[in-house]
Amino acid sequence: MNNRFDTLSTRIWAIAVWVVVGFFIVNLIGLIGSVVVSSFGTRWLGTWLPAGWTTRWYYSAWDEFQLGDVLWTTFQVVGSVVALSGLIGVPAAYAMARRAFPGKRLVMLIFLLPLLVPPVTFGIPLATVLYKVGLGGTLMGVILANLVPTVPFVILVMIPFIEQVDPRIEAAARVFGANTFRVFVHVLVPILMPGVLAALLLVLVRTIGMFELTFLTAGPSSQTLVVALYYAVFAAGVRAVQSIDAMAVIYMVTTLIWLIIALRFVNPTQIVARAKRSDAH
């Protein structure tokens, strides 16, 4: 009797979970689908589908919002932030994981703050400082602003990976004459590469969608795609809804391309798989 009751409860729970997941997926497809359909529609009022179909809204959005320059700026910002976050964050995570020093907990708290505090909270004073030193409104200013949350993010993700590596591996390399730099580059980096790639993938996704810091520090020539999309929606003037939807589709496709390229080099489940292997040992 208890077994039947447990089986029935399990089935009901599974059905409830699938209903919730299905509801979420249907809504998501509906939202994305409506934007995509609108971006190709000539006129869409009170009907299930637009009155006609056209691609002219994409040409209009490309010219009106100068998307060629915006996409190139986005590529530069995202690529630079990902690269610099890795170059700064991974060695810093190694130092935090392997070294004990006074005030270590305070340093960890400082690293946590940009991730816990809303970006607009520290983004306004950060933008003020950047404008005072002449970096506000420039590409470098946007990159520096985005590094504030991404470097701590890489550090916090990488510390558990580094702590899983047996220190005896490093000790063995030092016995054969390798200094700290060579141990890090030739021994640790190959071992930690799955974790590094996973962390940088998350940084990539975060940077593409980072609006607040980029909005506060970007100028006319340093806007990323998400900021340009915001201006397209809320800037003064009358714009066709289909043109803005076309720009939103371009934003989604650009993000998807970034993710497809990144996923060719890293599997997001590597973090979990690596942790499970470590626990098994």
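Ile155 is buried in this predicted model, with a relative accessible area of 1%, where buried denotes under 20% relative accessible area, exposed over 50% and partly exposed the range in between, as computed with a 1.4 Å probe on protein chains only. The residue lies in helix α6, helices (H or I, at least four residues) and strands (E, at least two) being DSSP runs numbered from the N terminus. When neighbours within four places in sequence are left aside, Ile155 is in contact with Gly89, Ala92, Ala93 and Phe111, contact meaning heavy atoms within 4.5 Å. Between Ile155 and Ser243, which are 88 residues apart in sequence, the C-alpha to C-alpha distance is 40 Å. Because the model is predicted, local features need pLDDT of at least 70 and side-chain atom pairs count only at pLDDT 80 or more, whereas totals for chains, interfaces and linings use all residues. Residues are numbered from 1 along each chain as its sequence is written, and side-chain values use heavy atoms, with hydrogens and water left out.

Helix α6 also holds Pro149, which is buried at a relative accessible area of 1%. Not counting residues up to four places away in sequence, Pro149 touches Pro114, Leu115, Arg206, Met210 and Leu213. The C-alpha atoms of Pro149 and Ile244 are separated by 29 Å, the two residues being 95 residues apart along the chain.

The largest nonpolar core comprises 55 residues, of which Leu67, Met158, Leu192, Leu204 and Met247 touch the most other members; such a core is a set of buried Ala, Val, Leu, Ile, Met, Phe, Trp, Tyr and Cys residues joined through side-chain atoms within 4.5 Å. At least two residues of this core are supplied by each of α2 (56–64), α3, α6 (139–164), α8 (180–209), α10 and α11, and α6 gives the most, with 12 residues. For Met158, the contacts beyond four places in sequence are Val90, Ala93, Leu192, Gly195, Val196 and Ala199. Apart from the largest core lies another core of 5 residues, among them Phe122, Ala145, Met210 and Leu213.

A search of the whole structure finds 8 aromatic pairs, a pair being defined by rings of Phe, Tyr and Trp (its six-membered ring) whose centres lie within 6.5 Å, with planes under 30 degrees apart counted as stacked, over 60 as edge-to-face and the rest as tilted. Phe75 and Trp258 form one such pair, which is tilted, at 5.5 Å centre to centre and 35 degrees between the planes. This pair links distant parts of the chain, since Phe75 belongs to helix α3 (residues 67–98) and Trp258 to helix α11 (residues 241–263), 183 residues apart. Phe75 is partly exposed at 45% relative accessible area, whereas Trp258 counts as buried at 17%. Another tilted pair is formed by Phe215 and Tyr231, with ring centres 5.7 Å apart and planes at 40 degrees. Here the partners, 16 residues apart, lie in helix α9 (residues 212–217) for Phe215 and helix α10 (residues 225–234) for Tyr231. Both side chains are on partly exposed residues, with relative accessibility of 28% for Phe215 and 33% for Tyr231. Phe215 and Tyr231 join Phe211 and Tyr230 in one aromatic cluster.

Among the charged groups, the charged end of Arg56 sits over the ring of Trp57, 4.0 Å from its centre, the criterion being NZ of Lys or CZ of Arg within 6 Å of the ring centre and within 35 degrees of the ring normal. The structure holds 1 salt bridge, defined as a side-chain nitrogen of Lys or Arg within 4 Å of a carboxyl oxygen of Asp or Glu. In this salt bridge, formed by Asp166 and Arg168, the closest N and O atoms are 2.6 Å apart. Asp166 is partly exposed at 27% relative accessibility, while Arg168 is exposed at 63%.

In the loop between α2 and α3, Gln66 has a positive phi of about 50 degrees although it is not a glycine. Gln66 counts as exposed, at 52% relative accessibility.

The unreviewed UniProt entry lists residues 12–40, 70–94, 106–127, 139–162, 183–205 and 248–266 under "transmembrane region"; its positions are given in the numbering used here, feature names are shortened, and annotations may be inferred rather than shown by experiment. Over residues 12–40, the model is 100% helix and 0% strand, with the end C-alpha atoms 42 Å apart. Residues 106–127 are 91% helix and 0% strand, and their end C-alpha atoms are 25 Å apart.
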